[in-house]
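Reader: I'd like to learn how to read single residues in a model like this one. Could you walk me through it?

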Amino acid sequence: MHIEGPVLLYGAGREARSTAAFLKRRYPELDLYVTTDDGEAVLEGATWIPPEAAHDVDRFGLIVKSPGVSLYKPIFRTAMTKGVPVTSNLNLWGAHFREGRTVVAISGTKGKSTTATLVHLMLTHSGIDAILAGNVGIPPLDAADKARTVVLELSSYQTADIDFAPDIAAISNLYPEHVDWHGGLDTYYRDKLNLIAKGPGLVAIGPQAATVERVKAAIPAGTRHVPPLDIEFSDDILMAAMKSRLKGAHNHDNARLAAAIALAAGATREGIFKGIEAFIPLPHRLEELQIGNILFVDDSISTTPEATKVALAAYKGRQIALIAGGHERQQDYADLANLMGLTSVTMLCCLPVTGMRLARLVAENTAIPVAECSTLDEAMQALANAGGIFDTVILSPGAPSYNQFKNFEERGDRFKALARQIFGGEAP
């Protein structure tokens, strides 16, 4: 692939830094520019320009969009109309390094990070030269040509315009999410399923996704499924997962999906079990912190009500104080509210904005005490004042963090810091 500049990088985060470094190495004469929607950004090797200047797309030979920037912004439609290509870190990797490599690409509304991490562990413990890239691991371009097998964990932001077919494509499950970024629910589903519509050599579909007609309809005619696990091996994987640090039935499903994918990519059975044993929970995904006799669970990555339901199921039988609510994305919380009365939730702390809708729904159907709190700090203090009615505190917001935090990582870190300060007596 030959690139002619100047090149505009839209976004200045982790992937943009990776892209800038790659372009400077590969095409040192290129002029790089960077713009963002949230103020001036510094990106080594690139010159900052404001968004209004970036809209003069004719001045660029290529635009590289960061994942968090919506593909449906007017600037990209204008660029495409005028023949200015719009690409991504992922597609640049595909153009430069895809050939000659086995690519396993995994997406889904939830479970994709755990599944991809497990597949990578299973492959490496089988002696296969593999690397993990995407939203977990490293940016795709940082993987370059470092391994013969590349495991990609991809969000809908990345699958929306992926322009190459993986050897194995997997969808863990499919629920509504990121509808605002995609400009509608149907577009979200289409963009997510573009991964398998590309025509991979094999597809692997998780148990929930297998029940969704949209998923089945997106699989190209003639595309083969990864071979199913035999019953005995599947049971052995379940037992291994239950003894590991994989929490909850949803993660046991992820382990079996990962095993089927890994086998198809060349893993050994021994390597699969070693991979499960080696798994360490990813940060902010049912991450546990014990303080005194209270278990604090950081599930800040939960951005859908379905994810919150999974978190509650993983701690069935515990006396749970749930902290929920965040950025409004017009998701439906009725099922979560109805479930609340059937669980062992003993207190609910609701945060703006979606938490207030959940609070009303729960109050209509259950006698669970509800505290409507303005901030996470206030919610943790309310729990400290309540005392004695729970042994587990779960932060599983069921909504994004953007209205009060930079990202879910910052929200989860604040939750753990408050737990240590308020319940553990640590200094702020």
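Reader: Where does G111 lie?

Author: Happy to help, and please keep in mind that this is a predicted model. To place a residue, look for the elements on either side of it. G111 sits in the loop that runs between β6 (102-107) and α5 (112-124).

Reader: Which residues does UniProt list for "binding site"?

Author: The UniProt record, an unreviewed entry, lists G108, T109, K110, G111, K112, S113 and T114. Such annotations may be inferred rather than shown by experiment.

Reader: Is T114 buried or exposed?

Author: The general idea is a cut-off: buried means under 20% relative accessible area. T114, which is placed in helix α5, is buried because its relative accessible area is 8%. G111 has 21% relative accessibility, so G111 counts as partly exposed.

Reader: What is G111 in contact with, leaving aside its neighbours within four places in sequence?

Author: For contacts, we set those sequence neighbours aside. G111 then touches S172 and N254. With the same kind of neighbours left out, T114 is in contact with L246, N251, N254, F279 and L282.

Reader: Where is Q331 found, and what does its side chain reach?

Author: Q331 is in the loop between β14 (320-324) and α15 (334-340). Loop residues can be checked for burial too: Q331 has a relative accessible area of 9%, so Q331 is buried. Its side chain reaches the backbone oxygen of T303 at 3.1 Å. Beyond neighbours within four places in sequence, the contacts of Q331 include P176, E177, R357 and G398.

Methods:
Residues are numbered from 1 along each chain as its sequence is written. This is a predicted model: local features need pLDDT of at least 70, side-chain atom pairs count only at pLDDT 80 or more; totals for chains, interfaces and linings use all residues. Side-chain values use heavy atoms; hydrogens and water are left out. Helices (H or I, at least four residues) and strands (E, at least two) are DSSP runs, numbered from the N terminus. Buried means under 20% relative accessible area, exposed over 50%, partly exposed in between (1.4 Å probe, protein chains only). Contact means heavy atoms within 4.5 Å. A polar contact is a pair of N or O atoms within 3.5 Å; within protein, one must be able to donate a hydrogen and the other to accept it, and residues adjacent in sequence count only if both atoms are side-chain atoms.
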